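Grab a coffee and work through these exercises with the model open beside you. Try each task yourself before reading its solution.

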Amino acid sequence: SPEPVQDLSHAISARDALKLPSSKQQFDALKNQIVHDRPAMLDARQKSDVLKAQAIALQKKLITTAARVVDLETEKGELDRDIARLEADDRRLSADFARDRVSVVKLLAILERRQYDRPPATGLKAGDALGAARSAMLIGASVPNIYTAAAGLARRIPALKKTRADLVERRAEGVRNAIKLRAARQELDQ
């Protein structure tokens with residue numbers, strides 16, 4: 001079988017081939033090019049390593065900051081719930097305190113009036129020992145109620161003070177949390 005004909009249209013002539021550099025010359029030229037380009041390649045590799053290290057550090061910083069934002073947002077939610085609960089407690093305790101204070105004041109006003117007013121006709125009559133005893137029993141029965149109400153009122157004062165102090169503290173923590181959260185979000189946006 002005959003050999004296929006080769007396309008020699010792109011081949012160079014023998015005369016031109018003799019003008020080409022020898023293999024040794026080509027090898028030396030490539031070697032010189034490598035030696036010449038090596039510092040630039042090493043510099044590029046060093047810059048690449050620096051950029052890679054910076055990218056890794058930035059990625060770690062972003063992850064840490066994002067985690068801090070999540071923690072601060074969770075804390076903010078807890079603070080908001082605590083503040084809402086404490087505000088409701090404060091309103092309830094304040095209303096109870098005001099209502100009980102009014103009750104005690106009314107009871108004291110009744111006793112005060114009994115002390116300075118003339119006794120009502122049904123309360124005391126001259127020569128009516130039984131009526132006087134009933135009136136004394138009525139006053140005597142109301143005094144423990146007044147003391148009980150006043151004692152209850154006094155017991156509510158520390159709870160009211162503590163609730164208000166806790167509310168002030170949680171609000172301050174909420175402000176600190178908001179500042180930290182804003183800073184962390186700004187750090188993420190950079």
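**Exercise 1: the R156 salt bridge**

R156 comes out at 29% relative accessibility, so it counts as partly exposed (buried is under 20% relative accessible area, exposed is over 50%, and partly exposed is in between, with a 1.4 Å probe and protein chains only). A quick word on the ground rules: this is a predicted model, where local features need pLDDT of at least 70 and side-chain atom pairs count only at pLDDT 80 or more, while totals for chains, interfaces and linings use all residues. Residues are numbered from 1 along each chain as its sequence is written, and side-chain values use heavy atoms, with hydrogens and water left out.

Task: find which residue's side chain meets R156 in a salt bridge, then trace the wider network of salt bridges.

Solution:

1. Start with the criterion: a salt bridge is a side-chain nitrogen of Lys or Arg within 4 Å of a carboxyl oxygen of Asp or Glu.
2. The partner is D100, with 1.9 Å from N to O. This pair ties together distant parts of the chain, with R156 in helix α3 and D100 in helix α2, 56 residues apart. (Helices here are DSSP runs of H or I, at least four residues, numbered from the N terminus.)
3. Now check the cover: D100 is buried, because its relative accessible area is 14%.
4. D100 also forms a salt bridge with R99, where the closest N and O atoms are 3.8 Å apart. R99 has a relative accessible area of 48%, so it is partly exposed.
5. Zoom out, and you get a salt-bridge network linking R85, D89, R92, D96, R99, D100 and R156.

**Exercise 2: a bridge within one helix**

Task: work out how D43 and K47 sit relative to each other in helix α2.

Solution:

1. The two are four residues apart in α2, about one turn of the helix.
2. Their side chains meet in a salt bridge, 3.4 Å from N to O.
3. D43 is partly exposed because its relative accessibility is 34%, and K47 is exposed because its relative accessible area is 52%.
4. For the tally, the structure holds 17 salt bridges.

**Exercise 3: the nonpolar core**

Task: list the residues of the largest nonpolar core and say which helix gives the largest share.

Solution:

1. A nonpolar core is a set of buried Ala, Val, Leu, Ile, Met, Phe, Trp, Tyr and Cys residues joined through side-chain atoms within 4.5 Å.
2. Five residues qualify here: L93, F97, V104, L153 and L160.
3. Both α2 and α3 supply at least two of them, and α2 gives the largest share, with three.
4. Look at L160's contacts (heavy atoms within 4.5 Å): leaving out residues up to four places away in sequence, L160 touches D90, L93, S94 and F97.

**Exercise 4: two more buried spots**

Task: decide whether T163 is buried or exposed, and do likewise for L79.

Solution:

1. T163 belongs to helix α3, residues 129–189, and is buried because its relative accessibility is 10%.
2. Beyond residues up to four places away in sequence, T163 touches L86, D89, D90 and L93.
3. L79 lies in helix α2, and its relative accessible area of 3% is why it counts as buried.
4. With the same four-place cut, L79 touches R170, E173, G174 and N177. L79 and N177 are 98 residues apart in sequence, yet 8.8 Å apart in space, C-alpha to C-alpha.
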